Amino acid sequence: MHNGSGQANRFSSLAACALAAVVFCSCASADVAIVKQGKPLAKIVLGHKATGVEKHAAVELQKYIKQISGAALEIAGEDAAGAKGTFVLIGTPESSKLVSRLSDGLDIKSVKYDGFVIKEVAHGGASYLVLASPEARGCLYAVYDLLESALGVGFFWAGDRVPQAADVSITAAAQKVSSPYFEYREYLQGCAVQYSWVTYWDFRQWKKEIDWAAKHKFNILWYPSAGMLIEKRVYKRLGVDLGATTDGDRREADFIRQIINYARALGMKVVGPGFTGSVKAELKKVYPDAKYIEIQWLDLPPRLNLYPTDPLFKQLGQYLIEEYTREYGTDHLYDVGAYDETSPGKTRQEKQAIKVHFAKAVCEYIRTADPEGIWHMSGWTFQDPQ
């Protein structure tokens, strides 16, 4: 099993293909009966400090068990776990006293990143099917893995496939310790968003898509959109008027916020926008002496860009991150493409110099606006071997 290194380039969209590597327990676990003839035999229990992601995991397990068998498993706090009975325990060592107490028998210390443990443990006179992880989102992944690998639920892009059964049991063979190869698994990227029907999705469609991504254990959502509300605020700080804020701007910001907040509610980090140098013509009217370059892509009209050594470049980048964070919060990831599919400059030396200046300016404005910030750059940028 290979675990990824700690370098920032793990955020590349290439990691989106990574699937979890599974290592099965050699321990002698027992089968756990959850439902018998449509009647619940177990309760789902959560820790006293259960996070929103862990609560969502419990609700998802309850929902699918009911769809499979018709049985509605009760969700309760871990104080409801008695001396006898069967309990499905969901949590981390930090959120659950029981998980912490049982952790030595769970192999949880061997789990990396947001991997998970699915294991039956006897404690006192009770039987616990433990779905535990070092991180809250790992508990959600444990639920989805259990449903898929043990109970035959299929999570497809077109919809779920849920088998029907009056009895639900988790066999010993389905119990495992699992860690992902890569710490970060990113979903979506620029081409998927900009060149497809995704542009026209409503929130219901986005919610379905984010759920699908969580079911497949993606933990980063590429959604670097700020909206006109933020753009107008950024330019206003520089004394450039792009017009009054409209109801449309506010609706767009609310839509963006819904998407970001829902992804975070499932434990995902969201890639935010960074400044690439592209500017509105209104900026040049107010700052005619700034240094500009025109960049052309294919046969489209040239786009006005700030030269990366101009002080306005770093200022705009800083203001963009600050205003984005003020409106939506931040996960400290900022997508900045370095002249994708273009190479401004006349000579080879000038082209290289522009890219070097660009890299320095981006690093500096991210560091100024967010000391924890990471420059997220798609692997597409590296298509140019030079």
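Author: Let's fix the words before we use them: a residue is exposed when its relative accessible area is over 50%, buried when that area is under 20%, and partly exposed in between. Bear in mind that this is a predicted model.

Reader: OK, why is Q37 called exposed?

Author: Its relative accessible area is 56%, and the cut-off for exposed is over 50%, so Q37 passes. You'll find Q37 in the loop between β2 (32–36) and β3 (39–40). Q37 also has a positive phi of about 50°, although it is not a glycine.

Reader: And what makes H332 partly exposed?

Author: H332 comes in at 22% relative accessibility. Buried needs under 20% and exposed needs over 50%, so H332 falls in between. H332 sits in the loop between α9 (311–328) and β18 (333–335), and is another non-glycine with a positive phi, of about 70°.

Reader: How do you know which part of the model to treat with care?

Author: Look at residues 1–28, where pLDDT stays under 50. pLDDT is the predictor's confidence on a scale from 0 to 100. Where it is low, the predicted coordinates should not be read in detail. The model does have 62 contacts beyond four places in sequence for residues 1–28. For the chain as a whole, the mean pLDDT is 89, and 92% of the residues reach 70 or more.

Reader: Why is the pair R137 and D114 called a salt bridge?

Author: The rule asks for a side-chain nitrogen of Lys or Arg within 4 Å of a carboxyl oxygen of Asp or Glu. Here the N to O distance is 2.6 Å, so the pair qualifies. R137 is in helix α3 and D114 is in the loop between α2 and β7 (116–123), so the bridge ties together parts that are 23 residues apart in sequence. R137, at 11% relative accessibility, counts as buried, and D114 is buried too, with 2%. Both residues also belong to a network of salt bridges that links D114, E135, R137 and R185.

Reader: What makes K217 and D145 a salt bridge?

Author: Their closest N and O atoms are 3.5 Å apart, and the limit is 4 Å, so they make the cut. K217 is in the loop between α5 and β14 (220–222), D145 is in helix α3, and the two are 72 residues apart. K217 and D145 are both buried.

Reader: How do you know that R264 and D331 pair up?

Author: Their closest N and O atoms lie 2.9 Å apart, which means they fall within the 4 Å limit. R264 is in helix α7 (residues 247–265) and D331 is in the loop between α9 and β18, so parts 67 residues apart in sequence are tied together. With 22%, R264 is partly exposed, while D331, at 18%, is buried. The structure holds 21 salt bridges.

Reader: Why is K232 called buried?

Author: K232 has a relative accessible area of 10%, and buried means under 20%, so the label fits. This lysine lies in helix α6 (residues 228–237). Beyond its neighbours within four places in sequence, K232 is in contact with L242, G243, A244, T245, T246 and D249.

Reader: What makes V99 buried?

Author: V99 has a relative accessible area of 0%, and the cut-off is under 20%, so V99 is buried. It lies in helix α2 (residues 97–102). Among the residues it touches beyond four places in sequence are L89, L106, I108 and V130. V99 is also part of a second, separate core of 17 residues, which includes A81, V111 and V130.

Reader: Then which residues touch the most other members of the largest nonpolar core?

Author: I34, I90, L221, L283 and L306 do, in a core of 100 residues. Helix α3 (residues 136–150) gives the most to this core, with nine residues. Among the residues that I34 touches beyond four places in sequence are L41, L73, V88, L129 and V168.

Reader: Last one: why does W197 count as exposed?

Author: W197 reaches 53% relative accessibility, and the line is drawn at over 50%, so W197 counts as exposed. It is in the loop between α4 (190–194) and α5 (203–215). Together with W157 and Y200, W197 makes a nonpolar surface patch of about 460 Å².

Notes. Residues numbered from 1 in each chain as written. Predicted model: local features only at pLDDT ≥ 70, side-chain atom pairs only at ≥ 80, totals over all residues. Heavy atoms only, no water. Contact = heavy atoms within 4.5 Å. Patch = residues over 30% accessible without salt bridge, like charges linked within 9 Å, V, L, I, M, F, W, Y side chains within 5 Å. Areas by Shrake-Rupley, 256 points an atom, 1.4 Å probe, with all protein chains shown as cover. Helix = DSSP H or I, 4+ residues; strand = E, 2+ residues; numbered from the N terminus. Buried < 20%, exposed > 50% of the residue type's maximum accessible area, 1.4 Å probe, protein only. Core = buried A, V, L, I, M, F, W, Y, C linked by side-chain atoms within 4.5 Å.
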